[in-house]
Amino acid sequence: MITENNTIKTEFSDFKRVQKALFQKLFVCSVVALIVGAIGVLAYIILATVWETLYEYTPAWCDALLVFAVPLGIGIVFTLSFRSTFKQAEKLAGSVNEYEFYSDCVIIREINNGKEVAGRRTEYNRIKTTQKGQYLLIRYLNNNQALPIDTATLSETEIYTIKKLLRLDVPEGAETIRLANAEDLQISVDLSQPRA
């Protein structure tokens, strides 16, 4: 939404949904690898046991079934990893990321259970942004943390304005808004002062 200071303000709190949207295909692939690997290894165990019992040796084609241990291992590792990622997103219930876009910077505040616990002012040239579906993912250049913005909560003009500020492609002739400058408004991020 556009504020009275001529900035764009939005917030995001559904971290579980964004994690699922970003990793759903990879999670499904890891589960499929786990199932295929388990079936292959189980087939090896059964066939090798039966063959060894009946003929007292295991043929080479039976030993080739051990190749299914690779997708089994990959499936186990990635399935557990994604489940852990999804559980961490559940722990963020009650947290909200609030974004306020100015012409010269974005101020991101983390609010946990109604209390502001972190805040950061960042110039746009220190941010790398990608778009995945309906989400814009803001990454600081010095770390891997991705902060999501849900474009479904913004108007088309607000989306184009934010994309232009973040140096993403905007259709030619798209309507954008000229935002206020944080320096002119003397906006700062100070967690020592309680938020009004």
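The exercises below work through the sheets, core and largest pocket of a predicted model.

**Exercise 1. The four-stranded sheet**

Task: Give the strand order of the open sheet of four strands, and find which strands stand at its edges.

Solution:
- Step 1. The order is β1-β2-β3-β4, and the pairing is antiparallel.
- Step 2. β1 (8-12) and β4 (115-123) each have a single partner strand, so both are edge strands with one side lacking a neighbour in the sheet.
- Step 3. From one strand to the next, the twist averages 15°.

**Exercise 2. Register around β2**

Task: Establish how many bridges β2 forms with β1 and with β3, then find which residues stand opposite Glu100.

Solution:
- Step 1. Strand β2 covers residues 95-101 and pairs with β1 over five bridges, in the antiparallel sense.
- Step 2. With β3, strand β2 forms seven bridges, again antiparallel.
- Step 3. A hairpin of three residues links β2 to β3.
- Step 4. Now take Glu100 in β2. Lys9 stands opposite Glu100, and so does Ile107 in β3.
- Step 5. Tyr99 in β2 has Thr10 opposite.

**Exercise 3. Burial of β2**

Task: Decide whether the faces of β2 are covered or open, and sort its residues by side.

Solution:
- Step 1. Start from the general pattern: side chains of a regular strand alternate between the two faces of the sheet.
- Step 2. One side of β2 carries Ser95, Asn97, Tyr99 and Phe101. The other carries Val96, Glu98 and Glu100.
- Step 3. Buried means under 20% relative accessible area. These residues are all buried, and both faces are covered.
- Step 4. Seven of the seven residues of β2 are buried, so the strand is largely enclosed by the rest of the structure.

**Exercise 4. The three-stranded sheet**

Task: Order the strands of the open sheet of three, then place α1 relative to them.

Solution:
- Step 1. The order is β5-β6-β7, with antiparallel pairing.
- Step 2. β5 (127-132) and β7 are the edges; each has a single partner strand, so one side of each has no neighbour in the sheet.
- Step 3. Neighbouring strands here are turned by 25° against each other on average, direction ignored.
- Step 4. β6 (residues 135-140) and β7 share five bridges. Leu137 stands opposite Pro148, and Ile138 opposite Leu147.
- Step 5. Edge position does not settle burial. Four of the five residues of β7 (residues 146-150) are buried, so β7 is largely enclosed by the rest of the structure.
- Step 6. α1 lies across β5, β6 and β7, at about 95° to β6.

**Exercise 5. The core**

Task: Identify the residues that touch the most other members of the largest nonpolar core, and the element that gives the most to this core.

Solution:
- Step 1. The core has 24 residues; Tyr99, Phe101, Ile138, Ile149 and Ile162 touch the most other members.
- Step 2. Two or more residues come from each of β1, α1 (15-55), β2, β3 (105-112), β6, β7 and α4 (156-165).
- Step 3. β6 gives the most, with five residues.
- Step 4. Check Ile149. Beyond four places in sequence, its contacts include Thr10, Tyr99, Phe101 and Ile138.

**Exercise 6. The largest pocket**

Task: State the volume of the largest pocket and find what lines it.

Solution:
- Step 1. The volume is about 430 Å³.
- Step 2. Of the 20 lining residues, Val18, Gln19, Ala146, Leu147 and Pro148 lie nearest the centre.
- Step 3. α1, α3 (69-91), β2, β6 and β7 each give two or more residues to the lining.
- Step 4. α1 gives the most, with six residues.

Notes:
Residues are numbered from 1 along each chain as its sequence is written. This is a predicted model: local features need pLDDT of at least 70, side-chain atom pairs count only at pLDDT 80 or more; totals for chains, interfaces and linings use all residues. Side-chain values use heavy atoms; hydrogens and water are left out. Buried means under 20% relative accessible area, exposed over 50%, partly exposed in between (1.4 Å probe, protein chains only). Two strands pair if DSSP finds at least two bridges between them. Axes are lines fitted to C-alpha atoms, for helices over the stretch in contact, and angles run from 0 to 180 degrees between N-to-C directions. A nonpolar core is a set of buried Ala, Val, Leu, Ile, Met, Phe, Trp, Tyr and Cys residues joined through side-chain atoms within 4.5 Å. Contact means heavy atoms within 4.5 Å. On a 1 Å grid over the protein atoms alone, a cavity is a set of points where a 1.4 Å probe fits but cannot get out, and a pocket is an open set with protein on both sides within 12 Å along at least five of seven lines; lining residues have an atom within 4 Å of a point. Grid points are joined across faces, edges and corners, and a volume is the space filled by probe spheres set on the points.
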